[in-house]
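Open the model in your viewer and keep the sequence panel visible. The tour goes from one selection to the next.

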Amino acid sequence: MKASQFLISTLKEAPADAEVVSHQLMTRAGMIKKLGAGIYNYMPMGLRVVRKVEAIVREEMNRAGAIELTMPVVQPAELWQETGRFDKMGPEMMRIRDRHGRDFVIQPTSEEVVTDIARQELRSYKQLPKNLYQIQTKFRDERRPRFGLMRGREFVMKDAYSFDRDQASAKASYQVMAAAYRRIFDRFGLTYRAVAADSGAIGGDLSEEFQVIAATGEDAIVYCPNSDYAANIEKAEALPPSQPRPAASQPLTQVPTPGKTTCADVAALLGVPLQQTVKSMVLATDQLNEQGEIVKSQVWLLLLRGDHEMNEIKVAKVPGLDQGFRFASTTEILEHFGCEPGYLGPLKLQKPVQLVVDREVAVLADWICGANVVDFHTSGVNWGRDLPEPALVMDLRNVVAGDPSPDGQGALAIERGIEVGHVFYLGTKYSKAMNASFLAEDGKPAFFEMGCYGIGITRLPAAAIEQNHDERGIIWPDAIAPFTVVLCPITPERFPAVKEAAETLYAQLLAEGIDVILDDRGERPGAMFADWELIGVPHRVTIGDRGLKEGLVEYQHRRDAAATKIATADVLAHLK
Ligand code: ATP
Ligand code: MG
Ligand code: MG
Ligand code: MG
């Protein structure tokens, strides 16, 4: 590619709404262009990165025996009604209506459609196992689209779905995918961790997230530095705490009086005015023994935001409740605890349950909290930002750094991660709901055992940048760089030899299949270097008149502090 023919549009300033470095740099490097909240143009430079991510994913999925297909972005509501998700999914799912008044869904994921295909096409156990995948646009009307491609509303996901004849075979298919994911993420050249994830209503251990380690990640990961133990903090709920919580947690631990915690207490604690606004939310819960006596009382902050209908609003995560959907309805929450809709009062907990308040909650404002006493609620609670001690929010987590690892291998550490992939054993949840069966070996119909496997194709570049950048710009790993090499001739218009050497080198690298761009725009050296450092091309070869006379050019890796002189004849060998 020649830069003069390409579209390069770098910016000095990042947009005001770009909170994280990947969003700032992708915009400044001309990779993405915002069209609306959470909706972006993938500009030519950015699309090259996305295509490289896709190519790696596609190659490894194919290698692992998965088969590619494409399912429609716009899907008839009927299928979603079969599983009940048309109603359950809440406002994150975008619904539209056609001219005949029929309902449609813009796919946030595709279990329904792929299960519909399977029930028609896979009739016999002899056709199993099968793994079908697509790389396709998704739409999720995220509560808070932000961070550019990291949490978009429209984004691209690779989603795969496995169909097996029985559990053992399904688990083997899951392991094939988990291994393929390791190969994929190794190839991206990023530091990542595979962590145990919450497997929701399905239960069991077969759910892992692939987290790119970065301080700005929205997820917290608990891991043991001495062993393989690693889990999303949502999953790590069951670990017994070993040490007193840090001082910031003190106010919370003072609150509960068994069965009597009110919003007045919480309001006092949080320093907000108490208002009687909402009637049906439980805040403090009691753990009862078989005789119905309170054995433990804890503050569960089921926080509701502004909406008094309380049908779709959530709060924080109750592990095991919502299969990874961050927002659930109060009805669902109550159902989870075995209560009738509209129930008020203490919850009977079968086992201790921890509520994890995540960062998303931590920076939201204007929540309404309710207590297990009718009419005691507080509104206008601001979490995190306006609290005198933002750490208060963190204290609701039940794992803190230093707690013992469940495998006994040492103390736990906590770091932040960006979820770029997720593998999940589904069992027969969807096949049963949609009556998707095949003829088993014994001649009887059996439901498919399923798994699903996602990768955030367009989130990945953002995660890569969070991990690899400096004050000058992006530093792409070779595997997903928009171009691997940039050739920078210095004032070629004055030195025909420079122009010629650059062209020759360009042709040579192209012939070797190296993804090279020749900067023939005629920019001044300072501006040219600044552009490529911002864009983050990992290898730069500078061709200048003086060096050329000695048969030398300059090579500089994006991470190098200075350039090295190398013989023009050695460039190719150097880049390989
Ligand atoms: P998150 O916890 O970040 O909301 P999720 O658990 O809802 O993600 P999954 O349903 O597991 O996401 O989807 C598979 C993958 O799709 C995720 O691992 C992530 O990489 C990507 N993804 C999900 N939501 C978004 C989004 N809003 N923007 C970009 N990528 C996303
Ligand atoms: Mg998640
Ligand atoms: Mg989500
Ligand atoms: Mg997930």
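Is the crossing of α2 and α6 right-handed or left-handed? The crossing of α2 and α6 is right-handed (the near helix is turned clockwise from the far one by less than a right angle; anticlockwise would be left-handed).

This is a predicted model, in which local features need pLDDT of at least 70, side-chain atom pairs count only at pLDDT 80 or more, and totals for chains, interfaces and linings use all residues. Residues are numbered from 1 along each chain as its sequence is written, and chains are lettered from A and ligands numbered from 1 in the order in which they are written.

Select residues 44-63 for α2 and 167-188 for α6. Helices are DSSP runs of H or I, at least four residues, and strands are runs of E, at least two, numbered from the N terminus. The two axes (lines fitted to C-alpha atoms over the stretch in contact) come within 9 Å and cross at roughly 150°, on a scale from 0 to 180 degrees between N-to-C directions. α2 and α6 are therefore roughly antiparallel (over 145 degrees).

Next, select residues 459-467, helix α13. Nine of its nine residues are buried (20 or more other C-beta atoms, placed from the backbone, within 10 Å of a residue's own), so α13 is largely enclosed by the rest of the structure. Among them are Arg459, Pro461 and Glu466.

Now zoom out. The protein has 17 helices and 28 strands. Of its 576 residues, 44% count as buried.

Technical notes: A residue is buried if 20 or more other C-beta atoms lie within 10 Å of its own, exposed if 12 or fewer, and partly exposed in between; C-beta atoms are placed from the backbone. Angles under 35 degrees count as roughly parallel, over 145 as roughly antiparallel, 65 to 115 as roughly perpendicular and the rest as oblique.
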